[in-house]
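This report follows one strand and its neighbours, and then turns to the chain that holds it. Please keep the sequence and the structure in view while reading.

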Amino acid sequence: MTGPYSIGAKVKVSQGLPPGHVRTPLFLRGREGEVIRHFGDFPNPERLAYGLSGLPKLHLYQVLFTMDETWEGDGAYAPGDTVTADIYETWLEPL
Amino acid sequence: MSTHEHHDHGHDHSHGHAHDHTTFQPDIREPSEEWEFLEIALRELLIDKGVITAREVQDQIEAWEKKSPEGGARVVAKAWTDDGFRQRLLEDGNAAVAELGFEIEALKLVALENTDDLHHMVVCTLCSCYPRPLLGVPPLWYKSREYRSRAVREPRAILAEFGTELPETTEVRVVDSTADCRYLVIPRRPDGTEGMSEAELAALVSRDSMIGTATAFAPDGEGRSG
C-alpha cells in the first residue's frame, strides 16, 4: 500500500499559503513533479507542532522535480539536474 | 560567567522536585538573537518546573557531541565491501545500520547511492535536518541560510566551491530533507581502492562526501576523486 499515489505518479504541489508550521517548501508550491518513493505514513507534523496528535497519519512521498520546472533557467545547474522534497499527501494534487 | 549567573533561585521549592542545583552554562555566552533568548527562557522554565534537570541538558549535549562522521564512514565502507549489506542499506536504512550498532529512533534513514550518472546532495531548506546519529553535529555551513537557499537553486556553484566538478552527464539531484526522513549519501567508491580493507576505506569517506557536497577522497591522499 502506497496510499493515494503510486510510484511514477505525476503530481502538482498545492499553491496554498496557510499560516503556521508547514513542511512543504515555498519554492515548490504549484510545481509539477513525479512521485519516486513512498516512505510510509507519519503523524501530520503540521498538527504535531501545536501539541495535537497528528492523527490520522499521512502518507509521505519523495517527489522529484526538474530544476528547469522549478527555476525556469534562473540558477546554476545543468539541464538534467533535479531536486526532490519529502511531501505529505495533503499537499499533493493528481495530474 | 554566563549572563544567567544571577538567576533568582528564590522560587518556591515546595513543588516536590529534588533540585541538584547543578547549573547549566550555555556554549553561547552572549545571546543576541530572538531564538537564543527563547531557548534560554524555555530551558530555564523547564528546569525550574522540574520537567528536566540541568544535568540532563548537559548529558544530552555531551551525548550528541560524542557522535561523529566516523560512524557514517563505517557504514559507507561496509556498503562498499559487502554487497549484501549495501542492498539492505538501500532497502531499509534503519535496519541495516542497526546491524552495526547504530540506533535511529523514530526517523526513517534513507541511504542514497552516488554513481557516475547520479550525484545526490542533501540540504534541509526548512531547518537543519541531518543524520546526527551517523554524522554527529552538523557543520555551521549546513545550517546557514546561505547554503539552505543556494543548494536547491545553484547546486553546481556550491559543488564547485567544495572543489567538486561533475560532468553535465551526471545528474545532480538535490535532496531536500523536509520531513521525517534523514538522508545518508553513499559516495562513489574511488578508483584504485581495490583490495583496501574496510578500515582503510572508511578513512577516505569524509563528512562532506556523505552530505554530497564532495566526493570521497582518492586513495593517494590527493583530496577528491571523481
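Two strands are said to pair if DSSP finds at least two bridges between them. With that in mind, one can look at this predicted model and note that Met121(B) stands opposite Val174(B) in S3(B). The strand to be followed here is S3 of chain B, residues 171-176, and the table lists the two strands that pair with it.

| Strand paired with S3(B) | Residues | Sense | Bridges |
|---|---|---|---|
| S2 of chain B | 118-123 | parallel | 6 bridges |
| S4 of chain A | 82-88 | parallel | 4 bridges |

On the side of chain A, Ala85(A) stands opposite Asp176(B) in S3(B).

Are the residues of strand S3 of chain B buried or exposed? Buried means under 20% relative accessible area, and because 6 of the 6 residues of S3 of chain B are buried, this strand is largely enclosed by the rest of the structure. Glu171(B), Arg173(B) and Val175(B) point one way from S3(B), whereas Val172(B), Val174(B) and Asp176(B) point the other way, and all are buried. In a regular strand, the side chains alternate between the two faces of the sheet.

The chain around this strand can be described as well. Chain B contains 11 helices and 4 strands, and buried residues make up 45% of its 226 residues. Among the contacts in chain B with a separation of 6 or more, 64% are accounted for by residues 24 or more positions apart. Chain B exposes about 11900 Å², of which carbon and sulfur atoms supply 51%.

Terms used
Residues numbered from 1 in each chain as written. Chains lettered and ligands numbered in written order. Predicted model: local features only at pLDDT ≥ 70, side-chain atom pairs only at ≥ 80, totals over all residues. Heavy atoms only, no water. Buried < 20%, exposed > 50% of the residue type's maximum accessible area, 1.4 Å probe, protein only. Contact = heavy atoms within 4.5 Å. Areas by Shrake-Rupley, 256 points an atom, 1.4 Å probe, with all protein chains shown as cover.
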